[in-house]
Amino acid sequence: MPSTSGERAPRRRDLRDQRAIAFVESPVQLLNVLEWAGTGARADDLTVVVLSPTDPMSRGQLRRMAELARDQGCTVRWQEARGGAGAPLRTVRQLAPLLHRAGRIVIGDPFSRYVQLLLTMAGGKRLTVVDDGTATMEFIGQLARGERLVRWHRRGGARGPRELVLAPVTAAARRRLTPTAARSVEVFTSMPVREAPAGIDVTENSFAWTRATFGPPKLLDGADLVGTSLVETGVVDEARYTEAVQALAREHRAIRYFAHRREHVDKLHALHAATGLEIVRPDLPLELIARRGPTSRTILSFPSTVVHTLPLALAGTGVKVAVCDIAPEWLRAGASPRAQGFLTGVTDAAKDVHRLASPA
């Protein structure tokens, strides 16, 4: 694979004698499967199973990413995994032969109940977890601390009926994801890893495939602002978020707002009315959109995955990535008690970004 001068060559693995199957549920997960394959896997030995979500933005981006994966030689299987009450059992039954033949299982979201169910059928196969952004940091930390797998923004306390019913599946998947003396687990990530337990083999995702395939971008004056779904997940108050976007756009002469695929349409309309920003709903992950360009010389973001990935994808282009912290008073009353610490940690761990004070 081509690489820029002076760049550390990614570690290559020998996968000639094994077929791999990857399960993805988001465009970012599929992008990182392609990055993983670019470090040594043969794409024609890789089958990507898209466990299709229901929201239109994610489905649209996944369709585009599936085209790119096919162009790289991957076999892509689109699975309507959420198409009614019988879809989960039907999906598991249809995927069982693929799981049986695969030598390696690649997953993008260890917190996914669907993926956890499939892992209970994986036996002793080799396992790779590709990056799912900041969730990867939490996953490794929970493994190291011996905690149950739960997303950081979920509130603490007693588990609901659904969680109790699925608890045996989650526990079995956690055991499968925990390395043993006889079996290691690979984590392919661009996130900082500080507490990986013994047996976790961490492979760096440097976005070499993205840089070799796209760009460099044409640069525009002003700034682009990256949206977040923290309002939709119940972490940040919407009025506070709108005020922060207004202040950042005014101070940094922002011209575009790149919406997260899970942001609600009504919220985006309100942001446009309040700020005058051009609202862009990308058809590919932002790392590819920014690399293809045109891209503003400054990209503004709140704490999220992109403060780690964009500096890698845009290395050498002259684009500055800046992150604005989430002020404690922006959090909703019902937000998880872990929210502030986790979001601060995301910013603290980011490299090659400029840190901005929260707007008053």
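Where is Val353 found? In this predicted model, Val353 belongs to the loop between α12 (339-348) and β13 (354-356). Beyond its neighbours within four places in sequence, Val353 is in contact with Val307, Pro311, Val321 and Val323. Pro311 lies 42 residues away from Val353 along the chain, yet their C-alpha atoms are separated by 7.3 Å.

Contacts across long stretches of sequence also feature in the chain as a whole. Among contacts between residues at least 6 apart in sequence, 72% join residues at least 24 apart. The chain has 360 residues, and buried residues make up 54% of them. Its secondary structure consists of 12 helices and 13 strands.

Seven of the strands form an open sheet. The order is β3-β2-β1-β4-β5-β6-β7, and the pairing is parallel. The edges are held by β3 (75-79) and β7 (200-204). Each edge strand has a single partner, so one side of each is left without a neighbour in the sheet. From one strand to the next, the twist averages 20°.

Helices pack on this sheet. Helix α2 (residues 56-71) touches β2 (46-51) and β3, and its direction makes about 160° with that of β3. Helix α5 (residues 134-145) lies across β5 (126-130), β6 and β7. The direction of α5 runs at about 150° to β6.

Within the sheet, strand β1 (residues 20-24) pairs with both β2 and β4. With β2 it shares 5 bridges in the parallel sense. Ala20 of β1 has Leu46 as its bridge partner in β2. On the β4 side, 4 bridges join β1 to strand β4 (residues 104-107), again in parallel. Here the bridge partner of Ile21 is Ile105. In a regular strand, side chains alternate between the two faces of the sheet. On one side of β1 are Ala20, Ala22 and Val24, on the other Ile21 and Phe23, and all are buried. Both faces of β1 are therefore covered. Because 5 of its 5 residues are buried, β1 is largely enclosed by the rest of the structure.

Towards the β7 edge, strand β6 (residues 185-189) runs parallel to β7 and is joined to it by 5 bridges. Val185 is matched with Ile200 of β7 as its bridge partner.

Two helix pairs were examined in turn. The axes of helix α1 (residues 27-37) and α2 come within 9 Å and cross at roughly 15°. This angle is under 35 degrees, which means that α1 is roughly parallel to α2. The crossing is left-handed. Pro27, Leu30, Leu31 and Leu34 represent α1 in the contact. From α2 come Ser58, Gln61, Leu62, Met65, Ala66, Leu68 and Ala69. By class, the contact of α1 with α2 comprises 9 nonpolar and 2 polar residues, with no charged ones.

The second pair joins helix α8 (residues 238-252) and helix α9 (residues 265-275). Their axes are 10 Å apart and make an angle of about 40°. That angle makes α8 oblique to α9. The crossing of α8 and α9 is right-handed. Glu238, Tyr241, Thr242, Val245 and Gln246 in α8 meet Lys267, Leu271, Ala274 and Thr275 in α9. The residues of this contact divide into 4 nonpolar, 3 polar and 2 charged.

Conventions. Residues are numbered from 1 along each chain as its sequence is written. This is a predicted model: local features need pLDDT of at least 70, side-chain atom pairs count only at pLDDT 80 or more; totals for chains, interfaces and linings use all residues. Side-chain values use heavy atoms; hydrogens and water are left out. Contact means heavy atoms within 4.5 Å. Two strands pair if DSSP finds at least two bridges between them. Axes are lines fitted to C-alpha atoms, for helices over the stretch in contact, and angles run from 0 to 180 degrees between N-to-C directions. Angles under 35 degrees count as roughly parallel, over 145 as roughly antiparallel, 65 to 115 as roughly perpendicular and the rest as oblique. A crossing is left-handed if the near helix is turned anticlockwise from the far one by less than a right angle, and right-handed if clockwise. Ala, Val, Leu, Ile, Met, Phe, Trp, Tyr, Cys and Pro count as nonpolar, Asp, Glu, Lys and Arg as charged, and the others, Gly among them, as polar. Buried means under 20% relative accessible area, exposed over 50%, partly exposed in between (1.4 Å probe, protein chains only).
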